[in-house]
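Here's a walk through one protein model, with a few spots worth pausing on. Keep the viewer open and follow along.

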Amino acid sequence: MEQDGWVPSRFNLAFDGPANGSLVIFNTLRGAMVEFDAEESVTMRGAMDSGDAAAIPAALRQGLLDCGILVPTTLDELAIVRARKTTGVADSNRLDVVVMPTIDCNFRCVYCYEKHAGSSMAVPVRDSLVAFLEREIPKFKGVMLHWYGGEPLLEPETVLVVTDAATRVAGAAGATLALQMTTNGYLLTEDVARPLVQAGLREYQVTIDGAREAHDRLRPLGGGDPSFDVVLANTIAVLRSSSEVQVSVRVNFNETNAGDVLPLLDQFPDDVRDRIRFVFEPIFGHCSVRARAAIEDEEISRLLRSWHEHAAAGGYASSVGGVHAGKLVYCYAERENQLVVSYDGAVFKCPVCDFTTEAPVGRLSSDGTIARYDDWTLWMDVPAFDSACEACVFSPLCMGGCRRERLKTGGLGDTCALVPQNVSYVLKQIALQCEDGLIPLLGLTAHHGGEASI
Amino acid sequence: MKVIIEPVAEEQILRPVAADAESGEVAAGMVIQSQCCVVHLCGCSCDHAGC
């Protein structure tokens, strides 16, 4: 029979629609969202429960096939997800370089996983890094150079020299160069920021952990002095220095400062808010102050939603993000053409480690080449997906979870828990807004007719 | 049956990787690939280094 040729996709997410008795299905592989009325819903629920598409009327069938909600029995959907990941990992268009000019820091954040040894990128290492960029940038169409640490602004000359070199090489090669910096913001004074902005560094991530008292408790200077007032003033000043500057304000939280997050939103003046995006991060890792030690996952998800909605209402660029089909890798560290270069020339893949006990995966050579160690191969050889991922309806959205976690522990860690709750929330918001004819909503862009993402 | 969001074609998903250097599409692709976070609800990617 013809109907035997199709089955419901394994990547369908179904939930009650906004209208009475209606059903909404979102396909995580293709990104399509479809609403069914009460009568159609009965049929669709039956098909989803049984895995049998035979009862679906012909009038619906082609539309469902087009949306990927119904698929041919011969289609291996997992193979599509695997192929996306293979493509993303091997992507030869883009080079990602994270540089740590020092692992020292002028802050002593209570949750930091790094060991801040005195350290500085010596001139020979800096020259090797420039040689690496001169060799590599012309091979790529897009290059991201991200300054990280430690606190990178403890080494402003290194930042400027290398950034200028990357800009020069990318310009000559016709490559697109994206420059970013993660800084605690304390040293981002107007005098320091001016040449950085002129050099093209216009995207910053600054962490402010809530209102003054909470921030100063979690993020004191090395001597214990407060940092909030200086960081806030510097952040506002750099935003006002150029209309092209954008800042991600990261807010790390646990149960001790969750109540201090909303007051932070009152601290920024109106004229810079549309260039500030908030990133709210539950304090992660295995430290004693981790958020999940004291806050339930459901509550973390509720807090995230509430804060993003307040930020959007307050005129910030922040919004509840969309659910984007078509992700290729979980994070950039999965990609072959990505590396973290430490101050001494040691090379890592993932920047979330203390850089003293972690074994590097390679080393920068004086001629600008990278000597790759066996650990590089071990990193890249981690299976694309855990067996649990292959059975997970969210895997096309997540693309397999943290590679470092899977390499070190053999498991997926705890970030998986937030994915179902967050995705469900966003999808329901989309369905509700679309019911009112309001697309886009909350900063979401709903592309129709073959655009890239929802 | 009402389509709220159209599906994304597979060739569209892979376009950032396959795009031609002259078209500038790779730069757009970089943006696409960095707006996929389902953990933080903010549209970030977990790609940002940083504590």
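A:G150 sits in the loop of chain A that runs between β7 (142-147) and α5. The peptide bond joining A:G149 to A:G150 is cis, with omega at about 20 degrees. Bear in mind throughout that this is a predicted model.

Another backbone oddity turns up at A:M399. This residue isn't a glycine, yet its phi is positive, at about 65 degrees. You'll find A:M399 in the loop between α14 (395-398) and α15 of chain A. Is A:M399 buried or exposed? With 0% relative accessibility, A:M399 counts as buried.

**The two chains**

Zooming out, chain A has 454 residues, of which 55% count as buried. Its secondary structure adds up to 16 helices and 15 strands. Take the contacts in chain A with a separation of 6 or more: 69% of them come from residues 24 or more positions apart.

Chain B has 51 residues, and 55% of them count as buried. It holds 3 helices and 1 strand. Read from the N terminus, the order of elements in chain B is β-α-α-α.

**Helix α4 against helix α5**

Back in chain A, look at helix α4 (residues 123-136) and helix α5 (residues 156-173). How do they pack? Their axes are 9 Å apart and the angle between them is about 20 degrees. The cut-off for roughly parallel is an angle under 35 degrees, so α4(A) and α5(A) are roughly parallel to each other. As for handedness, α4(A) and α5(A) make a right-handed crossing.

On the α4(A) side, the contact uses A:R126, A:L129, A:V130, A:L133 and A:E134. Facing them from α5(A) are A:E157, A:T158, A:V161, A:V162, A:A165, A:A166, A:R168 and A:V169. By type, the residues of this contact come to 8 nonpolar, 1 polar and 4 charged.

**The nonpolar cores**

A:L129 shows up again in the largest nonpolar core, which has 93 residues. Which members of that core touch the most others? They are A:V97, A:L129, A:Y204, A:I208, A:V249, A:F268 and A:F278.

A:F268 is a handy one to click on. Neighbours within four places in sequence aside, A:F268 is in contact with A:I208, A:L232, A:T235, A:I236, A:V249, A:R273, A:I276, A:F278 and A:Y316. There's also a second, separate core of 16 residues, with A:L23, A:I25, A:M44 and A:L65 among its members.

**Four residues side by side**

Here are four residues of chain A, with how accessible they are.

| Residue | Relative accessibility and class |
|---|---|
| A:A199 | 12%, buried |
| A:R404 | 19%, buried |
| A:R363 | 31%, partly exposed |
| A:D52 | 41%, partly exposed |

Start with A:A199, in the loop between α6 (190-198) and β9 (203-207) of chain A. Setting aside neighbours within four places in sequence, it is in contact with A:L160, A:T163, A:D164, A:T167 and A:L179. How far is A:A199 from A:W379, C-alpha to C-alpha? The separation is 34 Å, and the two are 180 residues apart along the chain.

A:W379 also appears around A:R404, which lies in helix α15 (residues 403-409) of chain A. Beyond its neighbours within four places in sequence, A:R404 is in contact with A:C350, A:V352, A:C353, A:E358 and A:W379. Why does A:R404 count as buried? Buried means under 20% relative accessible area, and A:R404 has 19% relative accessibility, so it counts as buried.

A:R363 belongs to strand β14 (residues 362-364) of chain A. Neighbours within four places in sequence again left out, its contacts are A:D344, A:G345, A:A346, A:V347, A:T369, A:I370, A:A371 and A:Y373. Measure nothing by eye here: the C-alpha atoms of A:R363 and A:F348 are 8.5 Å apart, with their positions 15 residues apart in sequence.

Finally there's A:D52, in the loop between α1 (38-50) and α2 (58-67) of chain A. Which residues is A:D52 in contact with, leaving aside its neighbours within four places in sequence? Those are A:P8 and A:A47. A:D52 and A:P8 are 44 residues apart in sequence, while their C-alpha atoms are 7.1 Å apart in space.

Conventions:
Residues are numbered from 1 along each chain as its sequence is written. Chains are lettered from A and ligands numbered from 1 in the order in which they are written. This is a predicted model: local features need pLDDT of at least 70, side-chain atom pairs count only at pLDDT 80 or more; totals for chains, interfaces and linings use all residues. Side-chain values use heavy atoms; hydrogens and water are left out. Axes are lines fitted to C-alpha atoms, for helices over the stretch in contact, and angles run from 0 to 180 degrees between N-to-C directions. Helices (H or I, at least four residues) and strands (E, at least two) are DSSP runs, numbered from the N terminus. Angles under 35 degrees count as roughly parallel, over 145 as roughly antiparallel, 65 to 115 as roughly perpendicular and the rest as oblique. A crossing is left-handed if the near helix is turned anticlockwise from the far one by less than a right angle, and right-handed if clockwise. Contact means heavy atoms within 4.5 Å. Ala, Val, Leu, Ile, Met, Phe, Trp, Tyr, Cys and Pro count as nonpolar, Asp, Glu, Lys and Arg as charged, and the others, Gly among them, as polar. Buried means under 20% relative accessible area, exposed over 50%, partly exposed in between (1.4 Å probe, protein chains only). A nonpolar core is a set of buried Ala, Val, Leu, Ile, Met, Phe, Trp, Tyr and Cys residues joined through side-chain atoms within 4.5 Å.
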